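Open the structure in your viewer and keep the selection tool at hand. The tour below goes from one selection to the next.

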Amino acid sequence: MRDDLGLSYAQRYFTRGIPRDALPAEPMPAQAAYQLVSDELALDGNPKQNLASFVTTWMEPEAQRLAADVLDKNLVDKDEYPRTETIHRRVMAMLGGLLNAHPDEEPVGTATVGSSEAIMLGLVAHRESWRKRGDGTGRPNIVCSGLVHTCWEKAARYFDLELRQVAPEPGRYVLDAERVKPLVDENTVAVGAILGNTFTGEADDVAGIDAMLRELPYDVPIHVDAASGGFVAPFLVPDLAWDFRLAQVRSINVSNHKFGLVYPGMGSVVFRDESVVDPSLVFDITYLGGSAPTYSLNFSQSSQGVVLQYYNFLRLGREGYGSIMAAIDSNAKALRARLSDMGVFDMIGEETFMPVIAVALKDPSDTDVFTLSARIREAGWIVPAYKLPPNATEVAVLRMVVRESFSRDMVDLLGDDVERALGRARGADVETPDNPHRPIC
Ligand SMILES: Cc1ncc(COP(=O)(O)O)c(C=O)c1O
């Protein structure tokens, strides 16, 4: 019976089994298909209890309606859906403003599936500009922190860039000018700086790196990976200069589906101005009717992301985003304080504007974070445990991302469940996973 799904529904919908991994030979009623799929999905974790992810798990019903309205529109069909394309352009223009574009420059940007695609597009643009400038003749490299998201490693491998990483050390997780400088040379295509790293939530010293790069005899741009911080910093620390206010910052990626408060499937890359992207990288698509310049890795793409982002921009404005970020910040502080009061955790990394909390056990002889994570999971909470990358692998953390859908009540409930898990976890034996230093996000 393992190969059949259907008989679990007894005789109401199905009189014979539905194959599990093969295309069924016959159709079934829509209601039956819906029931099967929806019941299977109900066995996933609860997104509201998923503190592993930075990605949005709640939007207003009006946003859900809009998402359903545009399900049938492919974003790449710019000529067919000119209003959707106008919305895309407006969203990019609003983002440029949020990222403090210089008044004399006109930023250009494009919607992507997420920050991974956006980072790849940013780095390819910088590789092309470096090639055209002809400053160096060696193998092109990028310099960044060892705490970058996997997509940086992917980009390096896919686009044949040497990845020069500054390894974190226990207690030192922020990339700064002092540690970047020795790695930069005339073959450096770009320096990557993170605004809210995936592991501890801290922000690299973008302003310090910018000042150092401005002193060099050759031009080295900065790409800021603001996947998670790009929508937080402008509202919580507006005076922190990390964006287009800094001369060497030529491109920035944000995950609109993180603190842009949009459902998954939407990121953006924004360039300081169009001169950053060599025209050879922009493809003019004519076979959909009209002429449509595109800069993307994918071709077809859902329109939902840009439409939902536009909705949020109109609905919330700066003030609305500001108050949501303040509430998230307050809940993150409350959770941090609750964990700290338990007396068994060390807080990892500096407390920053990011609502990310990473903790290590003060005394790991008693239990370990992997066991704790498994015990907390029994109450439904998804709190990942992992080791930091080299040279900080001795630091094993639990990491929690506080999002809009995580209320103060949930802070208290999670706190109670962590305390319960601490009591129960002592002496338990849960295996460390094979590759434990990659957080899920
Ligand atoms: C700093 C950072 N960069 C890039 C990414 C990848 O983003 P996306 O999932 O939008 O592709 C993440 C994901 O969490 C991240 O935290």
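Two strands pair if DSSP finds at least two bridges between them. Helices (H or I, at least four residues) and strands (E, at least two) are DSSP runs, numbered from the N terminus. The model is predicted: local features need pLDDT of at least 70, side-chain atom pairs count only at pLDDT 80 or more, and totals for chains, interfaces and linings use all residues. Residues are numbered from 1 along each chain as its sequence is written.

Select residues 249-254, strand β6. Of its 6 residues, 6 are buried (20 or more other C-beta atoms, placed from the backbone, within 10 Å of a residue's own), so β6 is largely enclosed by the rest of the structure.

Add strand β7, residues 267-271. β6 and β7 run antiparallel and are joined by 4 bridges. Ser-251 has Phe-271 in β7 as its bridge partner.

Now add strand β5, residues 222-226. β5 pairs with β6 in the parallel sense, over 5 bridges. Look for Ala-226, whose bridge partner in β6 is Val-254.

Next, select helix α4 (residues 115-133) and helix α5 (residues 150-158). They pack at an angle of about 40°, with axes 9 Å apart; axes are lines fitted to C-alpha atoms over the stretch in contact, and angles run from 0 to 180 degrees between N-to-C directions. That makes α4 oblique to α5 (not under 35 degrees, over 145, or 65 to 115).

Finally, show the residues where the helices meet (C-beta atoms, placed from the backbone, within 7 Å). Among them are Ile-119 and Leu-123 in α4, and Trp-152 and Tyr-158 in α5.

Conventions
Two residues are in contact if their C-beta atoms, placed from the backbone, lie within 7 Å. A residue is buried if 20 or more other C-beta atoms lie within 10 Å of its own, exposed if 12 or fewer, and partly exposed in between; C-beta atoms are placed from the backbone.
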